[in-house]
Amino acid sequence: MAGQEHGAALESARRGARPTWAEELLDHLRPTCRDVRRVVNWLADAARAEVSLTNDTGTLLAGTALPLDEDLVADLVSGRIAAAAWAEEGRHLRLVRVELPPPAASGVLAVARSTPFDRATAEMVTRTAGVIDILLRAHETTAAGLRLERAAADLRLAILQLLMVEDTVSARRVAAGLWPGLLDTETACVYVAETSPGDRDRLAEECLDATGERALVVRCPAMDQHVIILAPGGTESGELRTLIHRRPHTFLGGSARHRLAQTATAYGQAVSALAVARFRPDKAAVYAERSHPERLMDPAALRAWSACVLRPLDSLPHHTRAELLATTRLGLEFTAVSTAKVLGVSRNTVRARMERVEALLGTDFSDLAVRAAVHLVLNTEAGLDAVPDDCRPDSGAGLGDLLAGPAVRTWAAELLGRLDQDTRDLRRTLRSWIAAGGNAERAAQLLGVHAQTVREHVRSAEPVLERQLLTPGSDLYETVLAHLALGDLPGPALPGPDGREPGTEPGNTDSSVHG
């Protein structure tokens, strides 16, 4: 029927003739016209009748409710008969069995007229039932596909969230069922691709196609324009760069290779690299492509210092310690709301965990110098295979010693020296803004300028330094460390300014985390 009548439709169009009912019915199979209710309404107009579509329980799905014989409807729904027709007191009816998607096994298309059905109208009813069958099956197939895609997307997000809190065992267990071998590796790189929110779903699908599902592709729960890609292999980088290169207004940031337990660190690096990618002609950047202060420090001294700073948390159960550190690491990189979305917990839980770490370390996270130092500690700790056994809280070099090395000072002087070319004295504004905890109003009072001027100066420094400064993260903290290395800012107070010994939590002796 479809082939013959589609040919007739083309012939009618060439002749300029009025479309036949068959041609009109076929139009409802076009992608933009697939609506069962529209088909039922069309049949009512074309047949000059009342039409109803009901399911196996008699619930009206489309059209106008009609009084029908229950026994006859039961025979149709059960499959004992496929169609029926009868007339009574000037009322003529045609009923046709229609297959419905689960849970309803079948339904009934009923057509009632005041005049008898001629051959053409009867065929119209039969053919319409067939079109409704096709539309319902297509809709169910599409809906099932969408449900499967949503379930797969939810599982990918769950795996990423487990990796973010260093639970690699559970992450591998979840991944093994649907994507065998995906996490059969010890290391991986994390990439963050950015596009407009409306284009993100398409970008995610293209990332899946480009990597051949050899990578974990997740729509970021915190940023509507981001797609996160965890790539265990070594070929995904080139494939993703090729994809980004041919897409307008799309950027890619990548991390250095890390152990799976360091996924949160890798994610922060990818976001940091993404900021650089926005200023690159190829729209892509990798975190390891530029110098970072921790790479210029004495590795042994840095590890010992980091382990000593975190010593107050060593008495906690392993899972509690890992949960607190992973949350704080992300919380220093992003807002509490974004961190909560990435981890799948409430923002109050994020704040409570960070406040607990703050109390244990005796620090004040409102101080940008403190945040930068703790961020350095956490990233160093994430890279440790084991904590040095000989570390004592009062031994080894401090942060000042680590930043005093000639390599670090040379890096800091080169970085901040880029700002000296600007006649607006961006360097002075940036220094005052950091000292004011990133608060433009307080910095403006210190400088005697308008707060908007401070924001404009800090924003102008971003492309010069190739770092995002107005949002928390590695870029900002590296800039703070550069100021500390050159003595432009006082060192952070570790332990906290209240003079308490680190590791004491006022009024709290419970080592569990409540969320």
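Analyst: Relative accessible area sorts residues into three classes: buried means under 20%, exposed over 50%, and partly exposed in between (1.4 Å probe, protein chains only). This is a predicted model, in which local features need pLDDT of at least 70, side-chain atom pairs count only at pLDDT 80 or more, and totals for chains, interfaces and linings use all residues. Residues are numbered from 1 along each chain as its sequence is written, and side-chain values use heavy atoms, with hydrogens and water left out.

User: Why is histidine 249 called exposed?

Analyst: Histidine 249 has 68% relative accessibility, which is over the limit for that class, so it counts as exposed. Its place is the loop between α8 (236-245) and β9 (251-254), where helices (H or I, at least four residues) and strands (E, at least two) are DSSP runs numbered from the N terminus.

User: What makes the backbone of histidine 249 worth a remark?

Analyst: The phi of histidine 249 is positive, about 55°, although the residue is not a glycine. Most residues other than glycine have a negative phi. Aspartate 425 also has a positive phi of about 55° and is not a glycine.

User: Where is aspartate 425, and why is it put in its accessibility class?

Analyst: Aspartate 425 lies in the loop between α16 (406-417) and α17 (426-435). Its relative accessibility is 38%, which falls between the two limits, so aspartate 425 counts as partly exposed.

User: How do you know that the pair of arginine 97 and glutamate 99 is a salt bridge?

Analyst: A salt bridge is a side-chain nitrogen of Lys or Arg within 4 Å of a carboxyl oxygen of Asp or Glu. The closest N and O atoms of arginine 97 and glutamate 99 are 2.5 Å apart, so the pair qualifies. Arginine 97 has a relative accessible area of 24% and is therefore partly exposed; glutamate 99, at 33%, counts as partly exposed too. The structure holds 26 salt bridges.

User: What makes the bridge between aspartate 282 and arginine 241 a link between distant parts of the chain?

Analyst: The closest N and O atoms of aspartate 282 and arginine 241 are 3.7 Å apart, which satisfies the cut-off and therefore makes a salt bridge. The two residues are 41 apart in sequence: aspartate 282 is in the loop between α9 (263-277) and β11 (284-286), and arginine 241 is in helix α8. Aspartate 282 is partly exposed at 34%, and arginine 241 at 26% is partly exposed as well.

User: Why is arginine 321 called buried, and what does it touch?

Analyst: Its relative accessible area is 14%, under the limit, so arginine 321 is buried. Arginine 321 is in helix α11 (residues 318-333). With contact meaning heavy atoms within 4.5 Å, arginine 321 touches Leu310, Leu313, Asp314, Leu316 and Glu381, not counting residues up to four places away in sequence. A network of salt bridges links Glu166, Arg311, Asp314, Arg321, Arg329 and Glu381.

User: How far is glutamate 381 from alanine 307, in sequence and in space?

Analyst: They are 74 residues apart in sequence and 6.9 Å apart in space, C-alpha to C-alpha. Alanine 307 is in helix α10 (residues 299-309), and its 7% relative accessibility is under the limit, so it counts as buried.

User: What makes a set of residues a nonpolar core, and which residues have the most contacts inside the largest one?

Analyst: A nonpolar core is a set of buried Ala, Val, Leu, Ile, Met, Phe, Trp, Tyr and Cys residues joined through side-chain atoms within 4.5 Å. The largest has 60 residues, and Trp305, Leu403, Trp433, Val454, Leu469 and Val480 have the most contacts inside it. Helix α14 (residues 368-382) gives the most to this core, with 9 residues. A second, separate core has 37 residues, including Ala188, Val218, Phe251 and Ala273.

User: Which parts of the model have low confidence?

Analyst: The predictor's confidence in each residue is pLDDT, from 0 to 100. The mean pLDDT of the protein is 83, and 87% of its residues reach 70 or more. Over residues 385-395 the pLDDT is below 50, and this stretch has 15 contacts in the model beyond near neighbours in sequence. Residues 495-515 are also below 50, with 38 such contacts. Where pLDDT is low, the predicted coordinates should not be read in detail.
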